[in-house]
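Visitor: Please take me through one part of this model in close detail. I would like to look at the place where two of the chains meet, and then at what lies around it.

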Amino acid sequence: MTALLEIRDLHASVGDKPILKGIDLTINTGEVHAIMGPNGSGKSTMSYVLAGRDGYEVTGGDILMNGESLLEMEPDERARAGMFLAFQYPVELPGVGGMSFLRAAVNALRIEAGEEEIDQLGFVKIVREKAKLLGISDDMLKRAVNVGFSGGEKKRYEILQMALLEPTMAVLDETDSGLDVDALRIVSEGVNLLRDPGRAMLVITHYQRLLNHIVPDYVHILADGRIRKSGGKELALEVEESGYAGVDDAA
Amino acid sequence: MAATTQTIEQVEQATGKYKYGFVTDIESDKAPKGLNEDIVRFISAKKDEPEWMLEWRLKAFRRWQTMTAPDWAKLDIPPIDYQDIHYYSAPKQAQKLKSLDEVDPELLATYEKLGIPLNEQKMLANVAVDAVFDSVSVATTFREELSKAGVIFCPISEAIRDYPELVQRYMGSVIPIGDNYFAALNSAVFTDGSFVYIPKGVRCPMELSTYFRINEQNTGQFERTLIIADDESYVSYLEGCTAPQRDENQLHAAVVELVAKTDAEIKYSTVQNWYPGDENGKGGIYNFVTKRGVCRGDRSKISWTQVETGSAITWKYPSCVLRGKDSVGEFYSVALTNNMQQADTGTKMIHIGEGSRSTIISKGISAGKSQNCYRGLVHMQPTAENARNFTQCDSLLIGDKCGAHTVPYIVSRNPSAKIEHEATTSRISEDQLFYCLQRGIGEEDAVSLIVNGFCKEVMKELPMEFAVEAQKLIGISLEGSVG
Ligand SMILES: Nc1ncnc2c1ncn2[C@@H]1O[C@H](COP(=O)(O)OP(=O)(O)O)[C@@H](O)[C@H]1O
Ligand SMILES: [Mg+2]
């Protein structure tokens, strides 16, 4: 069986600075992997490299999705191929109405699949339903994308987009940061609803607490651009107790 | 017919961008090239005008001869040979049209292709249209329904014959013939345009719109529009325009005058989509337009909303003279330039009345190698007790070969007047673009979304029927600006 995502000896630089220094990681459909690591270890960089962001240059290795290299694909092509990134810092789009933005994204997928564009009324209904599960109000849906949203609202809005776009490979970058206990619960429930045998997730976090809610199949510890240690969900607890320093020593 | 279809196809193949670039193959009746008193007489005779109108034109022409073109704008205008232009061109047709059925089918097809069906069954349900083709109005829809409400909506050439008192009283009252070089030229040779009169207490039952089309080669278009809103009346008026894609530049020098009386409101919207020239700056319309409205009565209101995406060069400052007590002037503008386009546009708010208020929201978008300048004047006269102005000028740059400039002039002669001015310049951020791309939205669509978001405050002022069109137009005009 071909893996959904296969990262092979991936090296990447920002500017002239090497950040990822040889990452190997294989993710199969249906699995949930967690990446933990101290600040500055390269977690967000890895998510951007997967998504194909400009300025994040792959200097070695490869990223395969369903056996095909992503490296020559533009970010929007990767997205339409099923790669989704929930941003650590979602971006504000002043004046861009939420509904038109979400619809543009869904239609881009549909056009790619040779389907009809979604009709406006039907779409509004679908969005409302999914939004409700995430505690997103109609008022929030009417506002411009991420503008004036609280930290928690932004994170929920990312999960709403994931629910609408139904990606096969979802990367969630610190979806827990800045959330209080209640918000963390809502977001985690939203994510858990999206766990699916046809989808894999890569959950990036700094803290173990998220992984109590979104329980991963595998945990990897990233430090200084490399995966230092991999294990089951119990590895997260180990880190919680002894800190990242301990992991570094073990490596 | 065949020739037209062929031309359309050629144009689409050649560019695929400016979709209104086709030429209608229709026989026309033209004045010889050049400008002199005889040409002015020729135009006046063609229009069957009364003597007073001819005299007015001649006076304007003599005035124009003594004037020079303004050179203060941040525009690089190549010399224009005013003797190398046809000042009159009209499609040949039976003199007077009784109904739309008599309009040349070729013309109806042209407007249909432009998205402006004049045919009764296909007309936009709540929009009356005056269609001006080169120098003449070829059709005006919904006239009967409007006249039931007492509204006059007709070609200005007709108003000169049928409502001479109104025309004589108001034409030139807002923009005198000697106001500026282009206004003087227009006053001498204007050919057609729309005339609107809304009687006292009437809320015009539908949107009024004029659609201007330049078709002929080497012709100028000099339309003139006059809108009078009597006491307590309301009208919303929209102007649209396109021209064929040609290698030579063509001149468009329009004059629009608005008069709002006590408690009256005029909302004037423009979607300007004249041919902008090609990527290398070849061809395109020179758009030198004088637009001004006077809020004569107390509590009267004039709003200008413009979406400017076309023309090689735009020189245009729709203005409000706020004479009435508590009168209101508004200017909402989106000016988008791409490739080699140049725009110098803005507004003037002249506050005379006590308590008069004005709002200016200008959104300039520059892409390609274009230059985009906002130029605006806010003038508080000594009588403008407690007058207020709020100005916000935002510029958005796409790429690093274009320019954005903001030139505000502020004159305050009344210490109680308040003026606020905010200005920003930004680029489409890489963050925003990547966020959209990551959602699967292609780069051009992403830019169009972000730019439309940037313009939102202005776009929402457009009548519903046109807002969607205007949004698409922004997307189309930005094609090729990224990547
Ligand atoms: N755009 C950038 N320009 C320069 N350095 C960057 C950029 N993005 C990340 N870095 C650097 O790369 C390293 C990893 O950062 P990041 O991937 O954000 O870590 P994490 O998400 O694990 O906190 C840090 O040293 C950071 O300073
Ligand atoms: Mg990070």
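Guide: In this predicted model, 18 residues of chain B are in contact with 30 residues of chain A. About 1,900 Å² is buried between chain B and chain A. Carbon and sulfur atoms give 65% of that area. On the chain B side, look for B:Phe434, B:Tyr435 and B:Arg439. These three lose the most area to chain A. Together they make up 39% of what the chain B side buries.

Now turn to the largest pocket. Its volume is about 1,600 Å³. The lining takes in 45 residues. Nearest the centre of the pocket are A:Ser100, A:Arg103, A:Ala104, B:Leu449 and B:Gln471. Both chains supply helices here. From chain A, helix 3, helix 4 (120-133) and helix 5 (138-142) each give at least two lining residues. From chain B, helix 10 (443-454), helix 11 (456-459) and helix 12 (464-477) each do so too. Helix 3 of chain A gives the most, with eight residues. Sorted by class, the lining holds 19 nonpolar, 14 polar and twelve charged residues.

Next, the magnesium ion, ligand 2. Its protein donors are OG of A:Ser44 and OE1 of A:Gln88. They lie 2.0 to 2.2 Å from the ion. A:Ser44 belongs to helix 1 (residues 43-51) of chain A, while A:Gln88 sits in the loop between strand 6 (83-86) and helix 3 (98-112), so the two donors tie together parts of the chain that are 44 residues apart in sequence. A:Ser44 and A:Gln88 are both buried.

Stay with helix 1 of chain A for a moment. This helix is mostly covered, with nine of its nine residues buried. The buried set includes A:Lys43, next to the donor A:Ser44, and runs on through residues such as A:Met46, A:Tyr48 and A:Leu50 to A:Ala51. After the helix comes A:Gly52. The phi of A:Gly52 is positive, near 85 degrees.

Finally, step back to chain B as a whole. Chain B has twelve helices and 23 strands. Of its 483 residues, 62% count as buried. Consider the contacts in chain B with a separation of 6 or more: residues 24 or more positions apart account for 83% of them.

Key: Residues numbered from 1 in each chain as written. Chains lettered and ligands numbered in written order. Predicted model: local features only at pLDDT ≥ 70, side-chain atom pairs only at ≥ 80, totals over all residues. Heavy atoms only, no water. Donors = N, O, S within 2.8 Å, 3.2 Å for Na, K, Ca; no water. Helix = DSSP H or I, 4+ residues; strand = E, 2+ residues; numbered from the N terminus. Buried < 20%, exposed > 50% of the residue type's maximum accessible area, 1.4 Å probe, protein only. 1 Å grid on protein atoms, 1.4 Å probe; cavity = no way out; pocket = protein on both sides within 12 Å on 5 of 7 lines; lining within 4 Å. Points joined across faces, edges and corners; volume = space filled by probe spheres on them. Nonpolar A, V, L, I, M, F, W, Y, C, P; charged D, E, K, R; others polar. Contact = heavy atoms within 4.5 Å. Buried area = accessible area lost by both parts, 1.4 Å probe.
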